[in-house]
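Let's walk through this fold together, starting with the overall layout and then moving inside. Keep the viewer open as you read.

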Amino acid sequence: MSELVTRVAENVGIETATAEKAVGMILGFLQREAAEGPVAQMIEAIPGAPELVARYNGEGSNGGGLLGGLISAVGGGGVMALGQQLMSQGLGMGEITALAKETIAFAKEKAGEEVVDEVVASVPGLSQFV
């Protein structure tokens, strides 16, 4: 997993600890929200990803503060809720977009483009960020 975390930290310009947590949150989100078969295949193909998901999967999922609660209340969970959780880690929209693109690009290198495209297509609204 350190290869992905290091790549994200360097290419996005964020601290390694923040990159690790953010990547774990993104992968955990995908595990919960994406089509089960393709996402399991993708996570297994990324070295260290299952452990990272286990460590950060629940991070920020308990309400997400007032904004997270409001987003969930109006049915805008999903990608919007993940974005709010990442912003609560001090990331801006540009960093979040770059982080998502780096994570997906790395996943395609490890799991194959077809599998990752299935994962992205199965999560409403995700394709506009990656």
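**A tour of the helices**

The protein chain has eight helices and zero strands. What you're looking at is a predicted model. Read along the sequence, the chain gives the pattern α-α-α-α-α-α-α-α. Of its 130 residues, 41% count as buried. If you take contacts between residues at least 6 apart in sequence, 70% of them join residues at least 24 apart.

Now for the inside. The largest nonpolar core has 39 residues, and those with the most contacts inside it are Val8, Leu27, Leu30, Met42, Ile46, Leu86 and Leu99. At least two residues of this core come from each of H1, H2, H3, H4, H6 (78-87), H7 (93-111) and H8 (113-121). H2 supplies the largest share, eight residues. As a bit of background, nonpolar side chains tend to be buried together in soluble globular proteins.

Pick out leucine 99 from that core. Which residues is leucine 99 in contact with, once neighbours within four places in sequence are left aside? They are Val8, Val12, Ala22, Val23, Ile26, Leu86 and Leu91.

Next, have a look at helix H4, which spans residues 49-56. Its residues Ala49, Leu52, Val53 and Tyr56 are buried. These four cover an arc of only 100° around the axis, which puts them on the same side of H4. Turn to the other side of H4 and you'll find Ala54 and Arg55, which are exposed. And what covers the buried residues of H4? The cover includes helix H1 (2-12), helix H2 (16-33) and helix H3 (36-45).

One of those partners, H2, deserves a closer look. H2 and H4 pack at an angle of about 90°, with 8 Å between their axes. The two helices are therefore roughly perpendicular to each other. On the H2 side, the residues that meet H4 are Glu20, Lys21, Val23, Gly24, Met25, Leu27, Gly28 and Gln31. Their counterparts in H4 are Ala49, Leu52, Val53, Arg55 and Tyr56. Sorted by type, the residues of this contact are seven nonpolar, three polar and three charged.

Valine 5 ties into this neighbourhood from H1, where it is placed. Is valine 5 buried or exposed? Valine 5 is buried, with a relative accessible area of 4%. Not counting residues up to four places away in sequence, valine 5 touches Thr16, Ala19, Glu20 and Leu52. Try a distance check too: the C-alpha atoms of valine 5 and leucine 99 are separated by 9.9 Å, although the two residues are 94 apart along the chain.

Over in H7 sits glutamate 102. This glutamate has a relative accessible area of 18%, and the cut-off for buried is under 20%, so glutamate 102 counts as buried. Leaving aside neighbours within four places in sequence, glutamate 102 is in contact with Leu4, Arg7, Val8, Asn11 and Val12. Val8 and Val12 also appear among the contacts of leucine 99.

Last stop: H6. Its buried residues are Val79, Ala81, Leu82, Gly83, Gln84, Gln85 and Leu86. That makes seven of the 10 residues of H6, so this helix is largely enclosed by the rest of the structure. Leu86 has come up before, as one of the residues with the most contacts inside the largest nonpolar core.

Methods
Residues numbered from 1 in each chain as written. Predicted model: local features only at pLDDT ≥ 70, side-chain atom pairs only at ≥ 80, totals over all residues. Heavy atoms only, no water. Buried < 20%, exposed > 50% of the residue type's maximum accessible area, 1.4 Å probe, protein only. Arc of directions from axis to C-beta. Contact = heavy atoms within 4.5 Å. Core = buried A, V, L, I, M, F, W, Y, C linked by side-chain atoms within 4.5 Å. Axes fitted to C-alpha atoms, helices over the stretch in contact; angles between N-to-C directions. Parallel < 35°, antiparallel > 145°, perpendicular 65-115°, else oblique. Nonpolar A, V, L, I, M, F, W, Y, C, P; charged D, E, K, R; others polar.
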